[in-house]
Amino acid sequence: MSKLLDVRDLHVSFTTYNGEVKAVRGVNFYVNKGETVAIVGESGCGKSVTSQTIMRLIPQPPGIIRHGEIHFADRDLVKVSDKQMEKIRGSELAMIFQDPMTSLNPTMTVGRQITESLIKHQKLGSSKARQKAIELLRMVGIPSPESRAKQYPHQFSGGMRQRAMIAIALSCRPKLLIADEPTTALDVTIQAQIIDLMKRLQEKFGTSIILITHDLGVVADIADRVVVMYAGIVVETGTLHEVFFNPHHPYTWGLMASMPRLDLHHEQELLPISGSPPDLISPPKGCPFAARCRHAMKVCTEYMPEMTDLSSTHQVACWLEHPMAPKANKHTGRNGGEADE
Amino acid sequence: MSKQERANQVTKAPAKNNREVILSVKGLKKHFHLGSGQVVKAVDGVSFDVYRGETFGLVGESGCGKSTIGRTLIRLYNATEGSVTFKGDDIYQLKGKKLKEFNQKMQMIFQDPYASLNPRMTVLNIVAEGLDIHGLARGEERRKRVIDLLKVVGLNAEHANRFPHEFSGGQRQRIGIARALAVKPEFIIADEPISALDVSIQAQVVNLLRKLQKEHGLTYLFIAHDLSMVKYISDRVGVMYLGNMVELANSEELYGHPLHPYTEALLSAVPIPDPDASKKRERIILEGDVPSPINPPSGCRFRTRCPKVMELCAIAAPEWKEVVPNHWVACHLYDKEQK
């Protein structure tokens with residue numbers, strides 16, 4: 001398989017009154033053609049900043065791309081001019097956002113918002129574009145698309161707005177779709193509809209997807225590979241099965257153990273990760289998870305762990321992988337750590 | 001075994017009849033008038049009992065009326081119809097001293113920890129507000145009580161003089177919990193207390209709520225849309241759809257043997273964080289959206305999305321009945337004639 005997107009050593013910062021917030025601190029990952037890569041992590045871990053940097057939607061200033069390369073279809077997106085980027089954005093790269101209410105223009109009909117990019121990128125005439133828009137709305141499962149295309153976003157329900165967003169994003173058949181928490185704002189039954197739709201469309205068009213989410217349930221449902229981020233760095237990456245059934249980073253264990261599951265018994269305790277993520281204005285010099293990690297050693301607070309290869313697809317950044325490290329109780333999925341206190 | 005057979009079979013459900021009912025809701029309705037004759041029937045005839053010391057979970061999608069029930073129970077709204085008895089008194093008839101006592105015994109934890117704390121008050125004054133209103137403590141005693149409460153919820157004394165903006169979401173929710181606990185309540189309504197928090201922090205807050213329940217013998221009404229979390233924390237769960245309760249059972253029973261088609265669909269839509277289980281299971285994907293509560297469908301409100309809809313469903317609203325002991329459902333599939 002060939003790499004469609006390859007992000008190498010990306011550093012992104014924001015200047016604020018309090019100092020420089022180092023939101024992304026050396027992120028590496030890639031996306032192959034036709035696959036779905038999920039980026040998981042808590043708020044503030046840099047997952048959204050990474051995706052917005054790929055789209056070049058980071059306002060500069062205050063944002064600065066300090067370092068790194070983003071290779072996408074033989075170009076480095078960090079270096080291309082704004083004008084070129086405008087051409088790529090919408091036609092080859094597309095994005096859907098968490099909140100479909102604030103990401104659609106309330107003063108334009110839904111139909112016009114879809115035709116906008118068709119006219120701009122595919123140079124379609126307005127009547128042809130309108131036909132295509134109606135077709136797209138039908139494809140994403142909006143009933144009576146002819147009349148719906150003339151309506152405004154406020155006349156749509158949350159699930160339908162997200163469908164309309166997907167229609168806009170897919171209008172020019174992008175190679176890569178970035179979905180930033182596409183289902184977080186939706187109810188479970190609607191969430192299931194949207195995930196189902198995304199899967200179907202991916203099969204049909206072979207689009208690669210970067211899915212950004214904190215919901216491991218959604219990840220298990222749709223992803224091929226998983227990238228786990230914490231405090232601006234990638235702590236673990238691997239195929240879906242490697243990360244879910246053989247997680248190696250204590251943070252990944254923690255995430256798995258702190259989530260309630262339907263098959264979890266009432267008497268079993270949830271194992272929370274104590275504490276909260278570090279401040280990224282002055283991030284710790286060692287492993288950022290050390291302060292919350294049950295297995296932290298002296299070396300963890302002093303030096304950043306290197307990425308260790310566990311297989312050709314599975315990498316983890318943790319000192320426990322070092323040959324001299326003590327054997328921690330791992331590989332045990334949900335009972336990964338001892339109970340807190 | 002089919003659902004019907006199961007429904008007809010008398011199972012050895014634990015007898016809960018000897019437990020004390022702390023809150024009893026009968027035929028509760030809450031309608032909002034929008035003007036020009038339009039009425040939103042947010043809650044339209046809901047009945048249930050909550051036993052002392054248990055956690056009663058209320059789930060449903062947005063707009064199903066679960067938060068409205070919570071707010072009506074604590075008298076933030078007045079009920080349009082129906083009665084609510086708390087420890088034997090009708091809460092809408094309470095006046096004077098009795099009302100004050102009720103306000104003390106029932107407390108609420110809100111969803112948004114950013115909007116529910118006054119940004120211009122210190123944590124000390126936020127937590128102590130209930131103490132002041134009910135005249136429970138003053139001066140040094142007041143300060144001491146607040147600091148004790150902060151310790152109980154996992155904060156410490158130095159946090160008392162800070163303002164809400166200095167705290168993270170999880171910490172703010174802890175402040176909200178300390179405030180609710182300050183007046184020694186017996187019943188706490190938690191309206192989506194963890195929805196706004198990150199996964200790793202959610203587990204911290206839920207474990208705290210469970211610990212406090214054990215230590216103080218609290219009763220919870222836990223409102224949420226996250227089914228796995230509700231199942232985890234609740235003893236019994238009520239499922240709501242468009243202003244009605246459609247199913248009520250203890251949580252293992254409800255999740256193991258859902259009777260109502262809506263509950264089945266809702267459960268099958270919950271993403272499972274396990275790739276194998278997730279690929280194996282069959283999902284029931286409901287079509288369409290929840291209809292508007294201004295103009296709900298006739299008969300059973302779920303019929304427009306129900307995969308098992310029958311002719312009868314459009315004509316008559318299903319009765320709320322106990323199909324298996326302690327397992328209530330409102331659905332025509334379980335009518336006696338259907339056998």
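Select Ile91(B) to begin, in what is a predicted model, and display the residues around it: leaving aside neighbours within four places in sequence, Ile91(B) is in contact with Thr72(B), Leu73(B), Arg75(B), Val84(B), Phe86(B) and Phe102(B). The residue itself sits in the loop between β5 (89-90) and α3 (96-105) of chain B. Is Ile91(B) buried or exposed? With a relative accessibility of 0%, Ile91(B) counts as buried, because the cut-off for that word is under 20%. If you also mark Thr80(B), you will find that its C-alpha is 13 Å from that of Ile91(B), with the two positions 11 residues apart in sequence counting.

Next, stay in chain B and select Glu186(B) together with Arg52(B), which form a salt bridge whose closest N and O atoms are 3.4 Å apart. This pair links distant parts of the chain, since Glu186(B) belongs to the loop between α6 (169-181) and β7 (187-191), while Arg52(B) belongs to the loop between β2 (38-51) and β3 (55-59), 134 residues apart. Glu186(B) is buried, at a relative accessible area of 16%, whereas Arg52(B) is partly exposed, at 32%. Add Glu20(B), Lys87(B) and Lys105(B) to the selection, and you have the members of one network, joined with Glu186(B) and Arg52(B) by salt bridges that share partners.

Now colour helix α7 of chain B, residues 199-216. Its 18 residues should span 26 Å at 1.5 Å a residue, and the C-alpha atoms at its ends are indeed 26 Å apart, so expectation and model agree. How many of the residues of α7(B) are buried? The count is 14 of the 18, and α7(B) is therefore largely enclosed by the rest of the structure. Just after the helix comes Gly217(B), which has a positive phi, near 60°.

From here, show both chains and turn to the place where they meet, where 40 residues of chain B are in contact with 42 residues of chain A. The two chains bury about 3700 Å² between them, with 56% of that area on carbon and sulfur atoms. To see the leading contributors on one side, select Val199(B), Tyr232(B) and Pro273(B), which supply 17% of the area that chain B buries against chain A, more than any other three residues.

For the polar side of this interface, select Asp221(A) and Arg283(B), whose side chains meet in a salt bridge at 2.4 Å, N to O. The count of salt bridges between chain B and chain A is 1, and the interface also has 7 residue pairs in polar contact, both residues of each pair being at pLDDT 80 or more. Colour the helices α7, α8 (227-233), α9 (251-256), α10 (261-269) and α11 (275-280) of chain B, each of which supplies at least two residues to the side that touches chain A. Among the contributors, α7(B) gives the most, with 8 residues. Sorted by class, this side of chain B has 19 nonpolar, 8 polar and 13 charged residues.

While you are at the interface, pick Asp274(B), which lies in the loop between α10 and α11 of chain B. Which residues does Asp274(B) touch, not counting those up to four places away in sequence? They are Ala220(A), Phe244(A), Phe245(A) and Arg261(A). Asp274(B) is buried, with a relative accessible area of 15%, and a polar atom of its side chain lies 3.1 Å from the backbone nitrogen of Asp276(B).

Finally, move to chain A for two of the salt bridges within that chain. Select Glu92(A) and Lys175(A), whose side chains meet at 3.3 Å, N to O. Glu92(A) lies in the loop between α2 (82-88) and β6 (93-96) and Lys175(A) in the loop between α7 (158-170) and β7 (176-180), so the pair ties together parts of chain A that are 83 residues apart in sequence. Glu92(A) counts as buried, at 18% relative accessibility, while Lys175(A), at 37%, counts as partly exposed.

The last stop is the salt bridge between the side chains of Lys285(A) and Glu302(A), at 3.2 Å, N to O. Here Lys285(A) sits in the loop between α11 (250-258) and α12 (298-302) of chain A and Glu302(A) in helix α12, 17 residues apart.

Definitions and conventions: Residues numbered from 1 in each chain as written. Chains lettered and ligands numbered in written order. Predicted model: local features only at pLDDT ≥ 70, side-chain atom pairs only at ≥ 80, totals over all residues. Heavy atoms only, no water. Helix = DSSP H or I, 4+ residues; strand = E, 2+ residues; numbered from the N terminus. Expected span 1.5 Å × (residues − 1). Buried < 20%, exposed > 50% of the residue type's maximum accessible area, 1.4 Å probe, protein only. Contact = heavy atoms within 4.5 Å. Buried area = accessible area lost by both parts, 1.4 Å probe. Salt bridge = Lys/Arg side-chain N within 4 Å of Asp/Glu carboxyl O. Polar contact = N/O pair within 3.5 Å; in protein donor to acceptor, adjacent residues only side chain to side chain. Nonpolar A, V, L, I, M, F, W, Y, C, P; charged D, E, K, R; others polar.
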